[in-house]
Amino acid sequence: MIIYGASMSPYVRKVIAVAIEKDVDFKIKTVGRGDRDPEFREASPLGKMPALRDGDYLLSDSSAIAHYLEAKHPDPALYPADARERGRAVWWEEFADTILFGCIAKLFFHRVVAPRFEGKEGDLEMADRAEAEELPLLLDYLESEMPGGEHLVGDTLSIADLALASPFANLDHAGAKVDWSRYPKLDEWTKRMLARPSLAGSVQREQAYFAKIGHEVARRI
């Protein structure tokens with residue numbers, strides 16, 4: 001099985017984590033945004049990461065790939081069997097992929113991707129505005145929703161945990177200045193989740209790369 005993409009994408013990082021949690025044998029073929037690699041474009045005609053090749057089966061989109069891996073490798077289950085818990089898990093995955101990273105992407109793209117990978121100036125005013133105005137509202141909401149236990153849904157690891165934790169690595173990579181004392185439950189949960197082996201391997205490789213090129217990141221794990 002081949003996963004196409006780069007783990008600095010929270011969507012690729014999520015799929016890698018799902019595959020590791022399920023002990024799936026896979027390789028990563030690193031490609032960038034809009035890469036013209038023919039094998040990647042065969043799996044992802046629109047050039048979006050991640051994409052998957054499993055024999056002759058091709059698929060793109062992180063949530064679609066996660067559902068495919070869940071169906072093909074059902075143990076351990078990452079989508080709860082209980083109807084209410086599954087609904088909540090899917091909600092958190094959607095929230096992470098769209099609402100949360102929709103905000104964090106403004107910081108990550110304009111402070112990191114544009115200058116570091118695309119050789120152009122990012123819109124730093126947009127990034128600063130997202131950090132000052134949008135991000136606190138989302139963090140307030142997440143702090144209020146943090147459960148008493150270790151996991152977001154039920155008492156076991158689910159897609160909710162992996163999907164929601166992944167974008168916080170990008171927040172750190174973007175050098176966000178967050179007063180984590182305002183969000184003690186969220187801070188503790190994200191640290192614990194990003195230290196989980198299925199996520200930590202990707203995050204540590206990313207941090208090592210940024211250290212090599214002299215890019216400052218906020219290290220919380």
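**Exercise 1. Helix 5 against helix 7**

Task: Decide how helix 5 and helix 7 are oriented to each other, and why.

Solution:
- Helix 5 and helix 7 are roughly perpendicular to each other. The model is a predicted one.
- The reasoning starts from the packing angle of about 85 degrees between helix 5 (residues 124-145) and helix 7 (residues 184-194). Their axes lie 8 Å apart.
- Angles from 65 to 115 degrees count as roughly perpendicular.
- Next, find the contact. Helix 5 supplies Leu139, Leu142 and Glu143. Helix 7 supplies Pro184, Lys185 and Leu186.
- Sort these residues by class: four are nonpolar, none is polar and two are charged.

**Exercise 2. Helix 6 against helix 7**

Task: Work out which residues form the contact of helix 6 with helix 7.

Solution:
- Begin with the geometry. Helix 6 and helix 7 pack at about 95 degrees, with axes 9 Å apart.
- This pair is therefore roughly perpendicular.
- From helix 6, the contact takes Asp161, Leu162, Leu164, Ala165, Phe168 and Ala169.
- From helix 7, it takes Leu186, Trp189, Thr190, Met193 and Leu194.
- By class, the contact holds nine nonpolar residues, one polar and one charged.

**Exercise 3. The buried side of helix 7**

Task: List the buried residues of helix 7 and state what they pack against.

Solution:
- Buried means under 20% relative accessible area.
- In helix 7, the buried residues are Leu186, Asp187, Trp189, Thr190, Met193 and Leu194.
- They pack against helix 5, helix 6 and helix 8.

**Exercise 4. Helix 8 from start to end**

Task: Compare the span of helix 8 with the expected value, then find what covers its buried residues.

Solution:
- Helix 8 covers residues 197-213, a run of 17 residues.
- From first C-alpha to last, helix 8 reaches 24 Å, close to the 24 Å expected.
- Its buried residues are Ser198, Leu199, Ala200, Ser202, Val203, Glu206, Gln207 and Phe210.
- The cover over them includes helix 1 (10-21), helix 4 (83-117), helix 6 (159-173) and helix 7.
- Gly214 follows helix 8, with a positive phi near 80 degrees.

**Exercise 5. Tyr209**

Task: Classify the accessibility of Tyr209 and name the residues it touches.

Solution:
- Tyr209 is in helix 8.
- Its relative accessibility is 33%, so Tyr209 counts as partly exposed.
- Leaving out residues up to four places away in sequence, Tyr209 touches Met8 and Phe117.

**Exercise 6. The sheet and its hairpin**

Task: Identify which strands stand at the edges of the sheet and describe the hairpin of strand 3 and strand 4.

Solution:
- The sheet is open and has four strands, in the order 2-1-3-4. The pairing is mixed.
- Strand 2 (27-29) and strand 4 (57-60) are the edge strands. Each has a single partner strand, so one side of each has no neighbour in the sheet.
- On average, neighbouring strands are turned by 20 degrees against each other, direction ignored.
- Strands of a sheet pair through backbone hydrogen bonds, either parallel or antiparallel.
- Strand 3 (residues 51-54) and strand 4 run antiparallel, joined by four bridges.
- One of the partnerships links Asp54 with Tyr57 of strand 4.
- Two residues separate the strands of this hairpin. In the turn, Gly55 has a positive phi of about 65 degrees.
- Finally, add helix 3 (residues 62-72). Helix 3 lies across strand 3 and strand 4, at about 135 degrees to strand 4.

Key. Residues are numbered from 1 along each chain as its sequence is written. This is a predicted model: local features need pLDDT of at least 70, side-chain atom pairs count only at pLDDT 80 or more; totals for chains, interfaces and linings use all residues. Side-chain values use heavy atoms; hydrogens and water are left out. Axes are lines fitted to C-alpha atoms, for helices over the stretch in contact, and angles run from 0 to 180 degrees between N-to-C directions. Angles under 35 degrees count as roughly parallel, over 145 as roughly antiparallel, 65 to 115 as roughly perpendicular and the rest as oblique. Contact means heavy atoms within 4.5 Å. Ala, Val, Leu, Ile, Met, Phe, Trp, Tyr, Cys and Pro count as nonpolar, Asp, Glu, Lys and Arg as charged, and the others, Gly among them, as polar. The expected span of a helix is 1.5 Å times one less than its number of residues. Buried means under 20% relative accessible area, exposed over 50%, partly exposed in between (1.4 Å probe, protein chains only). Two strands pair if DSSP finds at least two bridges between them.
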